[in-house]
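Let's take a walk through this one together, going from the overall outline down to single residues. Have the structure open and turn it as you read.

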Amino acid sequence: MNIAVCIKQVPATESKIKPAADGLDIDRTGLSYVVNPYDEFGVEEALKIKEQLDTGTVTVITIGPEKAVEALRTCLAVGADEAIHIKDDALTGGDALCTARVLAAALKKGNYDLIFFGRQAIDDDSGAVGIHVAELLGLPHVAGINKFELNADGLKAVAHRQIEGAAEVVEARLPAIFTCQKELNEPRYASLPGIMKAKQKPMTVWSLADLDLSAEDVGASAAKVKLEKITSPPVREAGKTIDGDTAHAVSELVRLLHEEAKVL
Amino acid sequence: MSDKFDVAIVGAGPAGSAAALTLAREGLSVVVFERGEFPGAKNMFGGVLYTTILNKLVPNFWEEAPVERQIVKRRFGLLSEKSEAAFEFRCEDYNAAPPYNQSFSALRARFDPWLAKKAEEAGALIIPETVVDDLIWEGDKVCGVKARREGGDILADVVIAADGVNSFLAKKAGLRKEFKWNVLAVAAKEVIGLPREVIEDRFGLEGDEGVAMEFFADSVAGMVGGGFIYTNKETLSVGIACSIDAFIGKKIVPNDLLERFKKHPSIRRLIRKGETLEYSGHMIPEGGFNQVPQILTDGLLLAGDAAHLVNASLYHEGTNLAMASGLYAAEAIIEAKKKGDFSKQGLKSYQEKLECSFVMKDLKKYQKVEAWAHANPKFFTEYPDLLLDLIKDYFTISEKPKQTIQENLYKKFRTHLSPLRAMIEINKLRKTFL
């Protein structure tokens, strides 16, 4: 079984985020990066299926700058077999649909039976790319799965989704796309031999031209959604302390609630 | 894992990376384990990097290394509760051309990853987020390490323990004893952000010039140690570093001492309106020459803080010594490989190289600093207070005749210290530090 997992490199969860000077991105100086945690569930699930069937390949695919190669190596270290890195400056300014077009083109080049995504990337939280790719490829799509089982014949899969107060059990014919929610599994740590072998595993690098795409298809000009501005949430003002003896403090508090806060 | 490496290095700080870079360039197979998320993630120093060895490792390093400012000005301040007297030196010669005076402010979270990357580009395999728990022995010889990961046993001809001040490997190998509290210092530091122009105006700097400022006596509540401010491009490194037994004696925690330091009138004005971006703490091996453990045994070398290589005099030199020890360890291993002898005997040129270089010579020269500091608490409390008090009296304007002021001043001095005692104390200070 050929399994693809689309992953994204995102700033580590503990990062201190602030807007960049131009307000169109976050300030990336000094940030450390990780594989999007939801994508890690996808990688783990793919590895488990491969181990269960004792055959197949797991391919991890990402779009991103040079640095994104680290995320792919992390996935190779835990056991993925090959990696595809799509990078092209023309991709700057695209939206989720642009990203989906690129990934759809890349996925079309492989013959995948099963495709996993994270349910959303924790940086932009759009949660749209997996769904868009399914639409573009005309594949079934099950969102936010927390349990996955392959049928014995390998032609269908059953996935569970958590919905309000219940679990929804969905069957889909393969090839299909599943986006992964937490509780699906417990991603493994890389073994030392795994980390060492990861350096030798195949890493394919594609530009837009390799995918027969151009900036008009997937770049800023093709975006249907344009990022206007990134701003910090408003800073909470410090509280006010009223000093003095209790009797005075209480009357002062009442006065402030009445005159300044205007709640009395 | 059946693969065997020529060298396994534990710790991707300056010692480990300097060794890895040198070994990899010679074509040896090298693996480096780093417990932090990335090299440098767990490391810190005050802030001034001396670069004599770095310039050998990476000639013209300043063109690419993430250093902050060249240090053209040094300042040593003596604080009392309300006063400060300082000695300041700046020289245009320190500002002429790279590598300037081989001193730069730097941030280790940026510098260490860069140096590790150089080693990686030269062919070393760097494995972060991996703790090494133990050594693997073959009889009396170290022949590998046990990393805390599945399949983590790695064999190597030689292991370099560059695993920092707390070196568990040095301890496991029986090369060092437990520390006493007086040979270790604890540092607490904040990186405080300020606009570039503010830093340059406030500290009298132009372009990428920087200043190293150190503050003693009341800056750290009279404890053995000091406070510091080093200027980076758009941040200040602000911190304190004092002997652990001083913290225990004063019953004060490092963070509180740092807060106290930041509130001192002399310091407050230098950091005002700054935004604290990072906070870190670390131990410093300040025992000097007498604390250097046995630095090698069969198949194992210690480098950097693990070998207690810090010059705790006014130079505060540690990172440079770490890189030097990494370089010499690598050179010794390269020689040992040619002979095919990785025993203590085969590796002993490491010891010789350290002893013939500034590393051990400097540690030897300043070997009395630590003992002097602990035996002379008055130099951190009473004497600075007296000196500052006298200077204050001297400059205090009143209608008293200056002659009277100066006579009173001398009387005050005499009640605290006899001229003979002062001579003896000054001589001891000179012998220890100069």
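## From chain outlines to backbone details

In chain A, 70% of the contacts with a separation of 6 or more come from residues 24 or more positions apart. Keep in mind that we're looking at a predicted model. In secondary structure terms, chain A comes to 7 helices and 11 strands. Its C-alpha trace spans about 80 × 45 × 40 Å along the principal axes. The radius of gyration of chain A is 23 Å, whereas a compact globule of 264 residues would come out near 18 Å. As for burial, 34% of the 264 residues of chain A count as buried.

Now over to chain B, which has 15 helices and 17 strands. Along the principal axes, the C-alpha atoms of chain B fill a box of roughly 85 × 45 × 40 Å. Here the globule rule works out: a compact globule of 434 residues would have a radius of gyration near 22 Å, and the 23 Å of chain B agrees with that. Of those 434 residues, 47% count as buried. For chain B, residues 24 or more positions apart supply 72% of the contacts with a separation of 6 or more.

Where do the two chains meet? The contact takes 7 residues from chain A and 11 residues from chain B. On the chain A side, the residues divide into 5 nonpolar and 2 polar, with no charged ones.

Chain B is also worth looking at by domain. Domain 1 of chain B is put together from 4-66, 107-177 and 293-356, while domain 2 covers 375-433. The C-alpha centres of these two domains of chain B lie 47 Å apart. Toward the end of chain B you'll find helix H15 (residues 419-433), with 15 residues. From first C-alpha to last, H15(B) reaches 21 Å, close to the 21 Å expected at 1.5 Å a residue. How many of the residues of H15(B) are buried? The number is 0 of 15, so this helix lies largely in the open.

For a contrast, go to strand E10 (residues 153-161) of chain B, which is mostly covered, with 7 of its 9 residues buried. Which strands pair with E10(B)? One is strand E1 (residues 4-10) of chain B, which runs parallel to E10(B) and is joined to it by 6 bridges. In that pairing, B:Val7 stands opposite B:Val158. Another partner is strand E17 (residues 300-302) of chain B, again parallel, over 3 bridges. There, B:Leu302 is the bridge partner of B:Ala161.

Strand E9 (residues 141-147) of chain B does things the other way: 3 bridges join it to E10(B), and the two run antiparallel. In this pair, B:Lys146 stands opposite B:Asp153. E9(B) and E10(B) form a hairpin with 5 residues between the strands, and there B:Gly151 takes a positive phi near 70°.

Next, pick out B:Val31, in strand E2 (residues 30-33) of chain B. Is B:Val31 buried or exposed? With 24 other C-beta atoms within 10 Å, and 20 or more being what it takes, B:Val31 is buried. Setting aside neighbours within four places in sequence, B:Val31 is in contact with B:Phe5, B:Ala8, B:Leu125, B:Ile127 and B:Ile154. Of these, B:Phe5 and B:Ala8 bring us back to E1(B), and B:Ile154 to E10(B).

Finally, a few backbone oddities. Most residues other than glycine have a negative phi, and most peptide bonds are trans. Against that background, A:Leu174 and A:Pro175 are joined by a cis peptide bond, with omega about -5°. You'll find A:Pro175 in the loop between strand E9 (166-173) and strand E10 (176-180) of chain A. Chain B has a cis bond between B:Pro98 and B:Pro99, with omega about 0°. B:Pro99 sits in the loop between strand E5 (84-90) and strand E6 (103-106) of chain B.

As for phi, B:Glu129 has a positive value near 55° without being a glycine. B:Glu129 is in the loop between strand E7 (125-127) and strand E8 (132-138) of chain B, and it is partly exposed, with 17 other C-beta atoms within 10 Å. B:Lys251, not a glycine either, has a positive phi of about 50°. It lies in the loop between helix H6 (244-250) and helix H7 (254-263) of chain B. With 7 other C-beta atoms within 10 Å, B:Lys251 is exposed.

Definitions and conventions: Residues numbered from 1 in each chain as written. Chains lettered and ligands numbered in written order. Predicted model: local features only at pLDDT ≥ 70, side-chain atom pairs only at ≥ 80, totals over all residues. Contact = placed C-beta atoms within 7 Å. Nonpolar A, V, L, I, M, F, W, Y, C, P; charged D, E, K, R; others polar. Helix = DSSP H or I, 4+ residues; strand = E, 2+ residues; numbered from the N terminus. Rg over C-alpha atoms; globule rule 2.2 N^0.38 Å. Buried ≥ 20, exposed ≤ 12 C-beta atoms within 10 Å, placed from the backbone. Expected span 1.5 Å × (residues − 1). Domains from an automatic or database assignment. Pairing = 2+ DSSP bridges.
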